[in-house]
Amino acid sequence: MSLSWRNIGVKGELATKVYGDDLKVLEEKADQIVSTMRQVKGIEDLGVFRSLGQPNINFEVDRDQAARYQINVADIQDAIQTAAGGTALSQVLQGEARYDLVLRYLPQYRTTKEAIESIRLLSPSGERVSLAQLCKIEEQDGGSEIYREGNERYVAIKYSVRGRDLGSAVEEAIKKVSAQVQLPRGYHIDWEGEYESEKRAQSRLFLIVPLTILVIFLILYTMFRSPKWAALILATVAMASIGGLFALLFTGTHFSVSSGVGFLALFGVSVQTGVIMLEYINQLRARGHSIEDSAIEGAVLRLRPIMMTMLVATLGLLPAALSHAIGSDSQRPFAIVIVGGLMVNLAMSIFILPTLYVWFAREGDKLPEREESFES
C-alpha cells in the first residue's frame, strides 16, 4: 500500500507538534502529552491528529529463500510493483497531453492479500515460485497521512484554553510536559498556534512600550523645556494605568496583547490631559499667581474640559467594553483598559497632578512666556 504525505496546518486555536522519525513513537509520545495536559486547569478540547490506522501489507523478502530458488531480490520487488502498482511501459499522446500507459494485473489477481501471495515468479530452473514462498507477508497498521514541516515528520495535538489566560495555561503545560514526558534523542516539541502569536506580539510590545514612553518624554521635554515637568506628566500616566489594571481585575479579564495595546492608547490620552493641566498651571504662575493658588485654580478651571475629554472617549468605548458578541474577545480587553484607566485618570488629573506639582515646583522654575490672550 502506498503512503501519502503533505504539509498541512492544524485546525485548532492552539497546537503542539511533536517532531521525529518514527510514527509509532510520535503517536505514543503525543498520547503521553495529552494525558499530562489534561492535568492543567483551563486546557480543554484536547485531540491528537492520528497518522497511523491505515492497514498495510508489508512484504519482507526472505533472502535465503530467494537464494534457494536463484531469484534476485530486485526481480521480486519488480513483480510486486508490476502486479499491484503497475509499471509505465510507454506514453499516450492526446494533443499536447501525455499519459503513461501502465501495465498491471487484473483486479481479481491483485485486490486481496491472498491474490498477491499467489503471484508466481519463474526461477532459472523453470520452477514457478509464489511470493508466499519468497516473502514474509504481514498485515500491519501504517500511516494514512504523514504530516511534514521543515522536512520533518510530526504528530499534532490541538487544544483550547477556557476560563484562564492563555499564557499561564500554556506555560504550565510546557513545564509539566517537560518534566513528565521524556523524548528520545532527535525528537522535539514546538508549541504553536495562538500561543506562538501571543509570544511574538508580547516581544514586540516589550520593545514598543519603552520606545513609546521615550518618545513621549522627548516630546514633553521639547514642549516644556524641562525634564521635571515631562517626568511629572509621565508619573501621572503611570498611575493612570493602575485604573486599567483594576478594570481588568474587576471584570475578570486576562491580560492579553489587546489589553496591552489598550494601555498604549491610554498613555496617549493621559498625556493629553496632563499637558492641558500642567500648561494651564504654568500660565497662571507666569501671570504672577503663587504655586499653591495656581495649582488649585488650575484644577478647578480645567475640570470641565478634562472631564469632557474623558467622557467622549469613555462613552465611545463603553459599548465595546460591555460587549460579549462574536468577535468581542479581541476588542473588549482593549476597551476595558481605556475605560477603566480614563476614569482613574480623571481623579489623577484633578487631585494627584496638582498635588505633585506643588511638591516639585520651585520659585526658580522656567515658565512659558505670558500669553496676552490667556484668560483665567
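Guide: A residue is called buried when its relative accessible area is under 20%, exposed when it is over 50%, and partly exposed in between. Please keep in mind that the model before you is predicted.

Visitor: How does Glu-172 rank on that scale: buried, partly exposed or exposed?

Guide: Glu-172 has a relative accessible area of 23%, so it counts as partly exposed. Lys-176 also has a relative accessible area of 23% and is partly exposed.

Visitor: What joins Glu-172 and Lys-176?

Guide: The two residues form a salt bridge, in which the closest N and O atoms are 3.5 Å apart. Consider the general idea behind such a pairing. An α-helix has 3.6 residues a turn, so residues three or four places apart point the same way. In this structure, Glu-172 and Lys-176 both lie in helix 6, 4 residues apart, which is about one turn of the helix.

Visitor: How many salt bridges does the structure hold, and which residues meet in the other one?

Guide: The structure holds 2 salt bridges. Besides the pair in helix 6, the side chains of Glu-149 and Lys-17 meet at 2.8 Å, N to O. This pair links distant parts of the chain, since Glu-149 belongs to strand 10 (residues 146-149) and Lys-17 to strand 2, 132 residues apart. Glu-149 is partly exposed, at 24% relative accessible area, whereas Lys-17 counts as buried, at 4%.

Visitor: Let us return to helix 6. How many residues does helix 6 have, and what length does it reach?

Guide: Helix 6 (residues 166-180) has 15 residues and reaches 21 Å from its first C-alpha to its last. That span is close to the 21 Å expected at 1.5 Å a residue.

Visitor: Which residues of helix 6 are buried?

Guide: They are Leu-166, Gly-167, Ala-169, Val-170, Ala-173 and Val-177. These residues cover an arc of only 165 degrees around the axis, and therefore lie on the same side of helix 6. The face turned away from that buried side carries the exposed residues Lys-175, Ser-178 and Ala-179.

Visitor: What covers the buried residues of helix 6?

Guide: The cover includes strand 2 (14-20), helix 1 (23-37), strand 3 (43-48), strand 11 (152-161), strand 12 (188-193) and helix 7 (194-224). Strand 2 is also the element that holds Lys-17.

Visitor: Where on the surface may one find a nonpolar patch, and which residues make it?

Guide: Leu-303, Met-307, Leu-311, Leu-315, Leu-318 and Leu-322 make a nonpolar surface patch of about 520 Å². Among them, Leu-311 lies in helix 11 (residues 303-322). Leu-311 is partly exposed, with a relative accessible area of 44%.

Technical notes:
Residues numbered from 1 in each chain as written. Predicted model: local features only at pLDDT ≥ 70, side-chain atom pairs only at ≥ 80, totals over all residues. Heavy atoms only, no water. Helix = DSSP H or I, 4+ residues; strand = E, 2+ residues; numbered from the N terminus. Expected span 1.5 Å × (residues − 1). Buried < 20%, exposed > 50% of the residue type's maximum accessible area, 1.4 Å probe, protein only. Arc of directions from axis to C-beta. Contact = heavy atoms within 4.5 Å. Patch = residues over 30% accessible without salt bridge, like charges linked within 9 Å, V, L, I, M, F, W, Y side chains within 5 Å. Areas by Shrake-Rupley, 256 points an atom, 1.4 Å probe, with all protein chains shown as cover. Salt bridge = Lys/Arg side-chain N within 4 Å of Asp/Glu carboxyl O.
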